[in-house]
Amino acid sequence: MRCPFCGNVDTQVKDSRPAEDHVAIRRRRFCPACGGRFTTYERVQLRDLVVIKSSGKREDFDRGKLERSIRIAMQKRPIEPERIDQMISGIVRRLESLGDTDIPSKTIGEIVMETLARIDTVAYVRFASVYKNFQAADDFDKFVSELRPASPAEE
Ligand SMILES: [Zn+2]
């Protein structure tokens, strides 16, 4: 695994342990070249998913993008980070089991909303209010970019 700080490819695993109730393996890594430390997660990927945007453009599904949008909606909510990871894994597992590897961006938005509605009302409302504006555009990228962290003034 290449060091994200200096680009050295010879990094070391210092610690490996199960995460998310054994759905993932979390590895702490160390770069001997620059002393940098970082964490990687190993997860089962059942299928390679492709997101179909409203424009018809195809894009590889990016778990990180999904994760960012959900973490923003969940900001400062009293939900354990571990629970959020499990939720994201659950959503990905659902997407993987849809039967088709090509998934409209709209379907992803709907599954996220459905999941949030069950877990946290505030996060759901945050996500849904953006989703409402986004429906016309029907583009998951736009959706994610419109989800901004709450401004400090709201605290
Ligand atoms: Zn390094």
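Start at the zinc ion: select it together with Cys 3, Cys 6, Cys 31 and Cys 34, whose SG atoms coordinate the metal at 2.3 Å. Keep in mind as you click around that this is a predicted model. Turn the site a little and look at the angles. The four donor atoms subtend 106 to 116° around the zinc ion, which makes the arrangement tetrahedral. Along the sequence, the donor residues follow the spacing C-x2-C-x24-C-x2-C.

Now keep just Cys 6 and Cys 31 highlighted. Cys 6 sits in the segment before E1, while Cys 31 is in the loop between E2 and strand E3 (37-43), so this pair ties together parts that are 25 residues apart in sequence. Switch on a surface for these two: Cys 6 is partly exposed, at 40% relative accessible area, whereas Cys 31 is buried, at 0%.

Next, select residues 12-19 and 24-30. These are strands E1 and E2, an antiparallel pair joined over seven bridges. To get your bearings, find Val 13 and look across to Arg 29 in E2, which it stands opposite. Then follow the hairpin round its turn: four residues lie between the strands, and Glu 20 takes a positive phi near 50°.

Last stop is helix H1, residues 63-73. Colour its buried residues, which are Arg 63, Lys 65, Leu 66, Ser 69, Ile 70 and Ala 73. Now look down the axis of H1: the buried residues fall within an arc of 165°, so they line one face of the helix. Finish at the N-terminal end of H1, where Asp 62 forms a cap, with a side-chain oxygen 2.8 Å from the backbone nitrogen of Gly 64.

Conventions. Residues are numbered from 1 along each chain as its sequence is written. This is a predicted model: local features need pLDDT of at least 70, side-chain atom pairs count only at pLDDT 80 or more; totals for chains, interfaces and linings use all residues. Side-chain values use heavy atoms; hydrogens and water are left out. Two strands pair if DSSP finds at least two bridges between them. Helices (H or I, at least four residues) and strands (E, at least two) are DSSP runs, numbered from the N terminus. Buried means under 20% relative accessible area, exposed over 50%, partly exposed in between (1.4 Å probe, protein chains only). The arc is that of the directions from the helix axis to the C-beta atoms. A polar contact is a pair of N or O atoms within 3.5 Å; within protein, one must be able to donate a hydrogen and the other to accept it, and residues adjacent in sequence count only if both atoms are side-chain atoms. Donors are N, O and S atoms within 2.8 Å of the metal (3.2 Å for Na, K and Ca); water is not among the atoms, so sites may look incomplete. Four donors count as tetrahedral if all angles lie between 85 and 135 degrees; four count as square planar and six as octahedral if opposite donors are over 155 degrees apart and all others between 65 and 115; anything else is irregular.
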